[in-house]
Amino acid sequence: MIEIKQKETCVTEGRDSMKNEMALEFDAISNNESFARVAVAAFVTPLNPTIEELADIKTAVSEAVTNAIIHGYENVYGYGRHGEVRPVCCKIHEGKVYLRCRIEKGVLYIEVEDKGIGIENLDKAMEPLFTTKPELERSGMGFAFMEAFMDDLEVESKPLSGTIVRMRKKLKSGAWIQEE
């Protein structure tokens with residue numbers, strides 16, 4: 001089941017102020033990774049982002065959602081080695097990925113959350129090239145890409161409780177929105 005909620009508020013009292021939020025909940029399976037990327041790209045389009053900004057956002061979302069699916073829930077179907085045929089809609093473990101986005105004054109805030117196994121050693125997991133799934137030919141660059149493509153990255157995780165990845169990106173195209 002995919003649930004979409006969107007709330008938009010626009011108040012003009014001498015200054016332009018816009019806040020827009022959305023929340024998605026979807027099954028932790030590999031074919032929903034592309035859905036999440038496209039949903040966030042569509043959500044941010046009213047701010048007229050550049051092609052580069054869109055590519056950065058989509059890559060960061062893709063990495064965060066993929067991490068939730070294969071590391072949080074260990075649902076590796078669809079992420080196998082090249083040449084292997086693995087169905088993209090199969091689950092090894094039940095689980096949901098929660099994606100929340102907010103645009104406020106030209107800044108995009110993204111949260112990707114899972115209620116999976118969590119990260120035992122967050123410092124180690126954040127190191128470039130570190131992976132717990134080398135058998136799947138994972139590069140270990142997920143957090144490094146998120147950090148490189150977004151302005152801010154924060155990861156909160158507890159073993160057996162899940163992980164929340166928070167990212168922020170100021171969009172150049174949102175510069176017309178005045179600060180209070």
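Me: Is Leu 160 buried or exposed, and how would I read that from a number?

Reply: The model shown above is a predicted one, and the feature to look at here is the relative accessible area, where a value over 50% counts as exposed and a value under 20% counts as buried. Leu 160 has a relative accessible area of 75%, so the residue is exposed. Leu 160 sits in the loop between β5 and β6.

Me: What is the phi of Leu 160, and what should I make of its sign?

Reply: The general idea is that most residues other than glycine have a negative phi. In this structure the phi of Leu 160 is near 70°, which is a positive value in a residue other than glycine. Lys 105 is another case to read in this way, with a phi near 55°, again positive in a residue that is not glycine.

Me: Where is Lys 105 found, and is Lys 105 buried or exposed?

Reply: Lys 105 is found in the loop between β3 and β4. Its relative accessible area is 18%, and therefore Lys 105 is buried.

Me: How many helices and strands does the chain have, and in what order do they run?

Reply: The protein chain has four helices and six strands, and if you follow the chain from the N terminus you meet them in the order β-β-α-α-β-β-α-α-β-β. As for the chain as a whole, 44% of its 180 residues count as buried.

Me: Which element holds Ala 64, and why does Ala 64 count as buried?

Reply: Ala 64 belongs to helix α2, which covers residues 51–72. Ala 64 counts as buried because its relative accessibility is 3%. You can also relate Ala 64 to another position in the chain, since a distance between C-alpha atoms can be set beside a separation in sequence: Ala 64 and Ala 36 are 28 residues apart along the chain, and their C-alpha atoms are separated by 10.0 Å.Me: How many salt bridges does the structure hold, and how do I recognise one?

Reply: To recognise one, look for a side-chain nitrogen of Lys or Arg within 4 Å of a carboxyl oxygen of Asp or Glu; the structure holds 12 salt bridges. One of them joins Glu 21 and Lys 19, whose closest N and O atoms are 3.6 Å apart. Glu 21 counts as partly exposed at 23% relative accessibility, and Lys 19, at 33%, counts as partly exposed too.

Me: What distance separates the closest N and O atoms of Arg 100 and Glu 113, and where in the chain do these residues lie?

Reply: Arg 100 forms a salt bridge with Glu 113, and the closest N and O atoms are 2.6 Å apart. This pair links distant parts of the chain, with Arg 100 in strand β3 and Glu 113 in strand β4, 13 residues apart. Arg 100 counts as partly exposed at 28% relative accessibility, whereas Glu 113, at 12%, counts as buried.

Me: Which strands are linked by the salt bridge between Arg 166 and Glu 156?

Reply: The side chains of Arg 166 and Glu 156 meet in a salt bridge with an N to O distance of 3.0 Å. Arg 166 lies in strand β6 and Glu 156 in strand β5, 10 residues apart, and the pair links distant parts of the chain. Arg 166 has a relative accessible area of 24% and is partly exposed, and Glu 156 is partly exposed at 43%.

Me: Which residues are linked in a network of salt bridges?

Reply: The network links Arg 100, Glu 111, Glu 113, Lys 115, Glu 154, Glu 156 and Arg 166. Both of the pairs just described, Arg 100 with Glu 113 and Arg 166 with Glu 156, have their residues in this network.

Me: What is the nearest side chain of opposite charge to Asp 114, and how far away is it?

Reply: The nearest side chain of opposite charge is that of Lys 115, 8.5 Å away, and Asp 114 is buried yet has no salt bridge. Asp 114 lies in strand β4. A polar atom of the Asp 114 side chain does lie 2.8 Å from the backbone nitrogen of Gly 116.

Me: What is the volume of the second largest pocket, and which residues are closest to its centre?

Reply: The second largest pocket has a volume of about 210 Å³. It is lined by 14 residues, and those closest to its centre are Arg 100, Arg 102, Tyr 109, Ile 110 and Glu 111. The elements that give two or more residues to this lining are β2, β3, β4, β5 and β6. By kind, the lining residues divide into six nonpolar, no polar and eight charged.

Definitions and conventions
Residues numbered from 1 in each chain as written. Predicted model: local features only at pLDDT ≥ 70, side-chain atom pairs only at ≥ 80, totals over all residues. Heavy atoms only, no water. 1 Å grid on protein atoms, 1.4 Å probe; cavity = no way out; pocket = protein on both sides within 12 Å on 5 of 7 lines; lining within 4 Å. Points joined across faces, edges and corners; volume = space filled by probe spheres on them. Nonpolar A, V, L, I, M, F, W, Y, C, P; charged D, E, K, R; others polar. Buried < 20%, exposed > 50% of the residue type's maximum accessible area, 1.4 Å probe, protein only. Lys, Arg positive; Asp, Glu negative; His and termini not counted. Polar contact = N/O pair within 3.5 Å; in protein donor to acceptor, adjacent residues only side chain to side chain.
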